[in-house]
Amino acid sequence: MIELTQRSKPYQIALPYGLAVTVKPLTTAGMAAAQAAARRAVEAIERQAREHTEAGVPLDGLPYLSDEGERDGFYQAQLIRELAVRHITSWTGVELTGGPAPPTPENIAAVMELYPVGERFFQEFTLRQVLLNAAKNGCMDAPRSASAFFDRPA
């Protein structure tokens, strides 16, 4: 069962490895901003790769985005990172040099790179909103995962 009341206050999400994050509620504006930032990150890498290739410089250190699957994976990772950095306000279970790690943008990005932490964060953080939207729209066949909703053709 899902509670259809829209969240308006920060709440906690349990993640793998005993991590827990407190997040601000997801809004349409928050999702749009994260998607735009993820698209810009993909475009910047593609631009750098093109410039390197044109200049005859090796692509060392740049993600390989020529393959559609690799490009989609990089975009998804950037989207997860952007959502996390923009919405995580605190956490427990993350340590750095023997003590609690502060939830800085750099630390949040590093934690989201860990599989399956980033993937679970995305699923838990967005699935509720997807189900709420589906219920509000009277959709009887809601997607089974947030990824299915965001990856479907427009």
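## Salt bridges within helix H2

In this predicted model, Arg81 pairs up with Glu82 in a salt bridge, and their closest N and O atoms sit 3.2 Å apart. Glu82 also has a second partner: Arg86 forms a salt bridge with Glu82, this time with 3.1 Å between the closest N and O atoms. Put those together and you get a network of salt bridges linking Arg81, Glu82 and Arg86. Arg86 and Glu82 are both part of helix H2, spaced 4 residues apart, or about one turn of the helix.

How much cover do these side chains have? Glu82 counts as buried, because its relative accessibility is 12% and the cut-off for buried is under 20%. The two arginines are a bit more out in the open in terms of class: Arg81 is partly exposed at 28% relative accessibility, and Arg86 is partly exposed too, with a relative accessible area of 32%.

## A link from H1 to H2

The whole structure has 3 salt bridges. One of them joins Glu46 to Arg71, with the closest N and O atoms 2.5 Å apart. Glu46 belongs to helix H1 (residues 28–55) and Arg71 to helix H2, so this pair ties together parts of the chain that are 25 residues apart in sequence.

Neither end of this bridge is in the buried class: Glu46 is partly exposed, with a relative accessible area of 24%, and Arg71 is partly exposed at 32% relative accessibility.

## Negative charge on the surface

Next, the acidic patch. Asp67, Glu68, Glu70 and Asp72 gather on the surface as a patch of negative charge. Asp72 is in helix H2, which covers residues 68–87. Asp72 is partly exposed, with a relative accessible area of 42%, so Asp72 clears the accessibility cut-off of over 30% that patch residues need.

## The E1–E2 hairpin

Now for the strands. E1 (residues 11–15) and E2 (residues 19–23) pair up antiparallel over 5 bridges. The bridge partner of Gln12 in E2 is Thr22, while Leu15 is partnered by Leu19. The hairpin has 3 residues between its strands, and Tyr17 takes a positive phi there, near 65 degrees.

E1 has two distinct faces. Tyr11, Ile13 and Leu15 make up the covered face, whereas Gln12 and Ala14 are on the uncovered one.

## E2 and its other neighbour

Which side chains of E2 point each way? Leu19, Val21 and Val23 go one way and Ala20 and Thr22 go the other, and all of them are buried. With 5 of its 5 residues buried, E2 is largely enclosed by the rest of the structure.

Besides its pairing with E1, E2 is joined to strand E3 (residues 88–92) by 4 bridges, and E2 and E3 run antiparallel. Thr22 is a handy residue to follow here: Thr22 is the bridge partner of Gln12, and Thr22 also stands opposite Ser90 in E3.

## The chain as a whole

Stepping back, the chain has 5 helices and 5 strands. Their order along the sequence is β-β-α-α-β-β-β-α-α-α. The chain has 154 residues, of which 36% count as buried.

Technical notes:
Residues are numbered from 1 along each chain as its sequence is written. This is a predicted model: local features need pLDDT of at least 70, side-chain atom pairs count only at pLDDT 80 or more; totals for chains, interfaces and linings use all residues. Side-chain values use heavy atoms; hydrogens and water are left out. Patches are made of residues with over 30% relative accessible area and no salt bridge: like charges are joined within 9 Å, nonpolar side chains (Val, Leu, Ile, Met, Phe, Trp, Tyr) within 5 Å. Accessible areas come from the Shrake-Rupley method with a 1.4 Å probe; for residues, only the protein chains shown count as cover. A salt bridge is a side-chain nitrogen of Lys or Arg within 4 Å of a carboxyl oxygen of Asp or Glu. Lys and Arg count as positive and Asp and Glu as negative; His and the chain ends are not counted. The place of a charge is taken as NZ of Lys, CZ of Arg, CG of Asp or CD of Glu. Helices (H or I, at least four residues) and strands (E, at least two) are DSSP runs, numbered from the N terminus. Buried means under 20% relative accessible area, exposed over 50%, partly exposed in between (1.4 Å probe, protein chains only). Two strands pair if DSSP finds at least two bridges between them.
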